[in-house]
Amino acid sequence: MNEHGSTNLMQRPRHLLTTIAVLVACVPVLAEEPFTLNGDAQAGKPLYQTHCADCHGERAQGDGSWAGAYQPPPSDLTREGLGAERLFIATRDGGMAVGMRATMPAFRHTLDEQSIHDVVAYIKSLDQ
Ligand code: HEC
């Protein structure tokens, strides 16, 4: 075996240890943590307008131009008691993740988690 080949063999156990270390480091991340909104409303505004406004309306009151096509209609996202965590989960995983209908699509394949935080921050900024 040449020098290159033996070096690779030597590295394999270390590789495995690195993999295990990375997996162990991920455990606290996977564990349930309290939700904290960490978004930038200004960054979320154009995302909201592109992905949500047609159904939920410019001011998120459930009155977008497509709203009439849905029964039940798109939610008023500014309604009292609608918290940031529920906004986040419904947006990422779709209506069924919060006991509503699949007419509310999941955005996890369209928007990354940071973008969803930004969209939720924008919706929250409309409350004021
Ligand atoms: C194709 C239309 C459509 C689009 C686009 C859409 N929604 Fe919805 N959304 C709905 C409908 C319809 C419901 C209500 C479903 C029900 O009543 O069962 C809903 C419900 C929700 C809810 C649940 C609120 C509650 O009442 O608890 C949230 C949160 C939400 N949408 C956020 C968003 C966000 C944020 C976006 C953009 C990233 C978005 N939606 C894009 C149609 C849409």
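**Threonine 103, helix H4 and the ligand shell**

Threonine 103 lies in the loop that joins H4 to H5. The model examined here is predicted. Threonine 103 has 15 other C-beta atoms within 10 Å. Burial calls for 20 or more such atoms and exposure for 12 or fewer, so threonine 103 is classed as partly exposed. Neighbours within four places in sequence aside, threonine 103 is in contact with Tyr70 and Gly95. Glutamine 71 is 32 residues away from threonine 103 in sequence. In space, the C-alpha atoms of threonine 103 and glutamine 71 are 9.0 Å apart.

The overall fold is helical. The protein contains five helices and zero strands. From the N terminus on, the order of elements is α-α-α-α-α. Of the 128 residues in the protein, 20% are buried. Among contacts with a separation of 6 or more, 50% are between residues 24 or more positions apart.

Helix H4 spans residues 84-93. Its buried residues are Leu87, Ala90, Thr91 and Arg92. An α-helix has 3.6 residues a turn, so residues three or four places apart point the same way. The buried residues of H4 pack against helix H5, which covers 113-126. Just after H4, glycine 94 adopts a positive phi of about 95°.

Nonpolar side chains tend to be buried together in soluble globular proteins. In this model, the largest nonpolar core holds 14 residues. Tyr48, Leu87, Val119, Val120, Tyr122 and Ile123 have the most contacts inside this core. H4 and H5 each supply at least two of the core residues. H5 gives the most, with six residues. Leucine 87, one of the buried residues of H4, touches Leu77, Leu82, Val120 and Ile123, with residues up to four places away in sequence not counted.

H4 also contributes to the surroundings of the ligand. There are 25 residues around the ligand. Cys52, Cys55, Met100, Arg101 and Met104 come nearest. By class, the shell comprises 16 nonpolar, six polar and three charged residues. Helix H3, residues 53-56, supplies at least two residues of this shell, as does H4. The largest share, four residues, comes from H4. Helix H4 thus takes part in two settings: its buried residues pack against H5, and H4 supplies residues to the shell around the ligand.

Conventions: Residues are numbered from 1 along each chain as its sequence is written. This is a predicted model: local features need pLDDT of at least 70, side-chain atom pairs count only at pLDDT 80 or more; totals for chains, interfaces and linings use all residues. A residue is near a molecule or strand if its C-beta atom, placed from the backbone, lies within 6 Å of it. Ala, Val, Leu, Ile, Met, Phe, Trp, Tyr, Cys and Pro count as nonpolar, Asp, Glu, Lys and Arg as charged, and the others, Gly among them, as polar. Two residues are in contact if their C-beta atoms, placed from the backbone, lie within 7 Å. A nonpolar core is a set of buried Ala, Val, Leu, Ile, Met, Phe, Trp, Tyr and Cys residues joined through C-beta atoms within 7 Å.
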